[in-house]
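User: I would like to learn how to read the features of a protein model, one at a time. Please give the general idea first and then the case at hand.

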Amino acid sequence: TVVRMTDQRPARVDTVFESQKTDAQGSVEFESQRRWAVEFMMIHGAQHYTWDICVSKSGYETKRSIQIGNDVDLKVTLKKTPKVQEPCYIDNS
């Protein structure tokens with residue numbers, strides 16, 4: 001499972017979580033999203049967006065907070081572990 005988290009700063013509005021399962025080869029693709037927004041130039045300046053992913057699989061170490069930018073092909077390798085790992089967090093509020 002791969003969870004993409006979209007955050008905006010400095011005037012944090014809401015973190016957006018999107019979850020997908022990988023295919024048989026372990027690949028996943030997230031659709032590029034764009035939207036028009038009107039911003040008022042306040043003391044904090046313009047909004048900046050960041051994207052992080054979390055990758056989890058039962059029996060493997062969970063990788064959290066992997067920052068992504070414009071990487072087209074990001075490769076993440078998970079290590080096997082006998083310990084129970086927490087899955088990626090998804091905000092359902």
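Analyst: Let us begin with accessibility. A residue is called buried under 20% relative accessible area, exposed over 50%, and partly exposed in between. The model shown here is predicted. Y49 has a relative accessibility of 35%, and therefore counts as partly exposed.

User: What share of the 93 residues in the protein is buried?

Analyst: Buried residues account for 20% of the 93 residues.

User: Which secondary structure elements does the protein have, and in what pattern do they follow along the sequence?

Analyst: The protein has zero helices and four strands. Along the sequence the pattern reads β-β-β-β.

User: How are the strands ordered in the sheet, and what is the sense of their pairing?

Analyst: The four strands make an open sheet in the order 2-1-3-4, with antiparallel pairing. Strand 2 (16-20) and strand 4 are at the edges; each has a single partner strand, so one side of each lacks a neighbour in the sheet. On average, neighbouring strands of this sheet are turned by 25° against each other, direction ignored.

User: Over how many bridges does strand 3 pair with strand 1, and over how many with strand 4?

Analyst: Strand 1 (residues 2-9) pairs with strand 3 over eight bridges, in the antiparallel sense. Strand 3 and strand 4 are also antiparallel, and pair over four bridges. Individual bridges can be traced as well. R9 has H48 in strand 3 as its bridge partner. I53 has I66 in strand 4 as its bridge partner.

User: How should one read the side chains along a strand?

Analyst: In a regular strand, side chains alternate between the two faces of the sheet. For a single residue, the location, the accessibility and the contacts may then be read together. W51 serves as the example, and its place is in strand 3.

User: Which residues does W51 touch, leaving aside those up to four places away in sequence?

Analyst: With that exclusion, W51 touches R4, M5, T6, I66, Q67 and I68. Of these contacts, I68 is the bridge partner of W51 in strand 4. The side chain of W51 also makes a polar contact with the side chain of T6, at 3.3 Å. A further link across the sequence is seen with D7: the C-alpha atoms of W51 and D7 are separated by 6.4 Å, although the two residues are 44 apart along the chain. W51 has a relative accessible area of 32% and is partly exposed.

User: How is a pair of aromatic rings described, and which residues form one here?

Analyst: Such a pair is described by the distance of the centres and the angle of the planes. A search of the whole structure finds one aromatic pair. Y49 and W51 form this pair, with 6.5 Å from centre to centre and 25° between the planes. Planes under 30 degrees apart count as stacked, so the pair of Y49 and W51 is stacked.

User: What is a disulfide, and which residues does one join here?

Analyst: A disulfide is a covalent bond between the sulfur atoms of two cysteines. The count for this model comes to one disulfide. C54 is joined to C88, with an S to S distance of 2.1 Å. The link of C54 and C88 is left-handed, with -90° about the S-S bond. Distant parts of the chain are connected in this way: C54 lies in strand 3 (residues 48-55) and C88 in the segment after strand 4 (63-68), 34 residues apart.

User: Are C54 and C88 buried or exposed?

Analyst: Both C54 and C88 are buried.

User: Where is T62 found, and which residues does T62 touch?

Analyst: T62 is in the loop between strand 3 and strand 4. Not counting residues up to four places away in sequence, T62 touches C54, V55, S56, Q85, E86 and C88. Both cysteines of the disulfide, C54 and C88, are thus among the contacts of T62. A polar atom of the T62 side chain lies 2.7 Å from the backbone oxygen of E86. T62 has a relative accessible area of 15% and is buried.

User: Is K80 buried or exposed?

Analyst: K80 is exposed, at 64% relative accessibility. K80 is found in the segment after strand 4 and touches G59 and Y60, not counting residues up to four places away in sequence. The C-alpha atoms of K80 and S58 are separated by 9.0 Å, with their positions 22 residues apart along the chain counted as apart.

Note on methods
Residues numbered from 1 in each chain as written. Predicted model: local features only at pLDDT ≥ 70, side-chain atom pairs only at ≥ 80, totals over all residues. Heavy atoms only, no water. Disulfide = S-S within 2.5 Å. Helix = DSSP H or I, 4+ residues; strand = E, 2+ residues; numbered from the N terminus. Buried < 20%, exposed > 50% of the residue type's maximum accessible area, 1.4 Å probe, protein only. Contact = heavy atoms within 4.5 Å. Polar contact = N/O pair within 3.5 Å; in protein donor to acceptor, adjacent residues only side chain to side chain. Pairing = 2+ DSSP bridges. Axes fitted to C-alpha atoms, helices over the stretch in contact; angles between N-to-C directions. Phe/Tyr/Trp six-rings, centres within 6.5 Å; stacked < 30°, edge-to-face > 60°.
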